[in-house]
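Trainee: I should like to work through this structure by question and answer. May we begin with the term on which the discussion rests?

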Amino acid sequence: MTRKQIKQVALRSFVRNNLDPKKVKLFSSKMTRKQLRDYIKYLKFYDARNKIIIVVPHLDMIKKTDLKVFTKFYANKKIIYQEDPSLLLGIRVINNDLVYDLNLKDSFENIRQSI
Amino acid sequence: MINSEEIIKQLESNLSTFSYDSRSKNIGKVEKNTDGVIVASGLSRVSMGEEVVFEGKTKGVILNLDEDSVSIILLDLGKNIREGDSVKSTGRILEINASEDLLGRVINPLGEPLDGKPRVKKGKNMPLEKIAAGVVEREPVNTPLKTGIKAIDSMIPIGRGQRELIIGDRGLGKTAIAIDTIINQKQDKSHAKVICIYVAIGQKQSTVAQIINKLSEKNALEYSIVLNASASDPASLQYLAPYAGCAIAEYFLEKGQDVLIVYDDLTKHAWAYRQISLVLRRPAGREAYPGDIFYLHSKLLERAVKLNKKNGGGSITALPIIETQANDISAYIPTNVISITDGQIYLQSDLFNSGLRPAINVGSSVSRVGGSALTPTIKSIAGKMRLELAQYRALAAFAQFGSELDPATAAELERGKRTTEILKQSQYEPLSEALEFLSIWAVTTGHLDDIPVDQVSRFESEFHEFLKMKNQKIIDSLSKSEKPNEELLKQIEKATLDFKKMFSV
């Protein structure tokens, strides 16, 4: 199996943004060690691509209206909410390898760096 | 140490420009670390040549963009980088802080001081990679850049904005020519001041220390910047060093100043790039160099320029150095750089061993554009000397057969010997244009014909001393870079005859 084919297999292991355990079991049983390593790498890659992580200082700060906005904005993605008190105030959105920061911790960090 | 008032002032200024927009960061993960080259996944939005920062504040530069990963070269040793560490894009291409405060300093290609003095903070960030000035902004080379070396200034003249290669085996005095040229910029008062940048690539720290000491001793460090990426530095720094030097040169160019930049040497630069390319698994070509090795040097040397008046009139003169193996100038890198530059100064080991120093092979050396930058003073005598030397070389080849020579041929041979002798010059003793003229004039007019060959050097130095003491007016007149008139030539003739009466063989 070429790397391109492994990539295709990894993509097809997902059903509606979720990994299908049956498919994964089937594909992985037919792979060599090296292929399996690449397969895991691509699974991780596609899983991260399908996910949006929203980090807030406290989960109870998210209102119902906010939830609607996020769901509408990231319609085809699985949204995961996480808590991180160190953000102090604001939000952090992690979309695969892109991180959007609009929080007090990041602002302080930027000020610190500019000094 | 920054005080509280300055911090508050800084915070206030930040407050006035504070942006409430979210800023996106592109984050990746380290997959592999092989010999200073990191392969990272993620970072889908980075661009080629962009600076990235690792978790431990180590910096790197993107050098390969693959389908699922990027390759990053580290800008320091980066021993603490591990698999799984995060790496962040900065959105900046690699830059170096340049300002007048860098004069007299020794720095590395990232602008970090190597001389124990504090880092230069104020200044302008100049990009390391930049497209060279176009044809509309340029003008032909028309101003000389004096090296203070008789053989070069008279026969292989260098103009401001020219790229003149210094090529030869190891230990023949390539660096010495470059250092002499830097030292000589102090005494060239007839043209605008030249800022000198010496870029040491892959050299021993001890060699660089000696050069710095010599420049300091000759008061040349005050108008020079030394940029060092030594043999112990990572290949990435050695690869970036000439571009960093050129970026600093461009800062002064923008201000309309003339800059001389020495790349010592581009052979080691090519080695560093070959090392990086092989680790990056780029296809290897001739002598295992990557396919873009020619472009690597052409894009660098193309940044040497003479701008027209409309664009400030500044210039960057480049003196790249190439080290050959066993005088082989037909190797890959030497032929590449010879074809890029506007001429070459070729140093040969047999000339060096026969005592001719600087060991310049005048026959193989050439300056393609420097001729138009010759001053009228030197122009008036250089042609005659070049012709006499060429005739001498042709005759000397025949004279080896041992046949009897007619008096005219014998005289030409004797003159040629003295001309060759007068072109010898000690290291770190560059001569002013006036003294260069006087030496060459004396030999081409036959005033040295009755001086034994082994006394020529002593005659020359004593003649210079005599003129400095008794005939300073002649030196002053010649320093104006104008063609000497009949009256001046008569004065020189008289002074020469007066000196010859005193000179005892």
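Mentor: A residue is called buried when its relative accessible area is under 20%, and exposed when that area is over 50%. Please bear in mind that the model is predicted.

Trainee: Which residues lie on the two sides of β11(B), and are they buried or exposed?

Mentor: In a regular strand the side chains alternate between the two faces of the sheet. In β11(B), B:V194, B:C196, B:Y198 and B:A200 lie on one side, while B:I195, B:I197, B:V199 and B:I201 lie on the other. Both faces are covered, and the residues on each are all buried.

Trainee: Why is strand β11 of chain B described as largely enclosed by the rest of the structure?

Mentor: The strand comprises residues 194-201 of chain B. It is largely enclosed because the number of its eight residues that are buried is eight.

Trainee: Which residues stand opposite B:C196 in β13(B) and β12(B)?

Mentor: β11(B) and β13(B), residues 258-264, run parallel and are joined by seven bridges. Six bridges connect β11(B) with β12(B), residues 224-229, again in parallel. The partner of B:C196 in β13(B) is B:L260, and its bridge partner in β12(B) is B:S224.

Trainee: What is the handedness of the β-α-β crossover from β11(B) to β12(B)?

Mentor: Between these two strands the chain passes through helix α4 of chain B, residues 205-217. The crossover is right-handed.

Trainee: What distance does α4(B) reach from its first C-alpha to its last?

Mentor: The helix has 13 residues, for which 18 Å is expected at 1.5 Å a residue. The computed reach is close to that expectation, at 18 Å.

Trainee: How wide is the arc covered by the buried residues of α4(B)?

Mentor: An α-helix has 3.6 residues a turn, so residues three or four places apart point the same way. The buried residues of α4(B) are B:V208, B:I211, B:I212, B:K214 and B:L215. They are on the same side of α4(B), because the arc they cover around the axis is only 165°.

Trainee: Against which elements do these buried residues pack, and which exposed residues does the face turned away carry?

Mentor: The buried residues of α4(B) pack against β8, α3, β11 and β12 of chain B. The face turned away from the buried side carries the exposed residues B:Q210, B:N213 and B:E217.

Trainee: Which residue takes a positive phi just after α4(B)?

Mentor: The phi in question is about 55°. The residue is B:N219.

Conventions. Residues are numbered from 1 along each chain as its sequence is written. Chains are lettered from A and ligands numbered from 1 in the order in which they are written. This is a predicted model: local features need pLDDT of at least 70, side-chain atom pairs count only at pLDDT 80 or more; totals for chains, interfaces and linings use all residues. Side-chain values use heavy atoms; hydrogens and water are left out. Buried means under 20% relative accessible area, exposed over 50%, partly exposed in between (1.4 Å probe, protein chains only). Helices (H or I, at least four residues) and strands (E, at least two) are DSSP runs, numbered from the N terminus. Two strands pair if DSSP finds at least two bridges between them. A crossover is right-handed if, with the strands pointing away from the viewer, the path from the first strand over the helix to the second runs clockwise. The expected span of a helix is 1.5 Å times one less than its number of residues. The arc is that of the directions from the helix axis to the C-beta atoms. Contact means heavy atoms within 4.5 Å.
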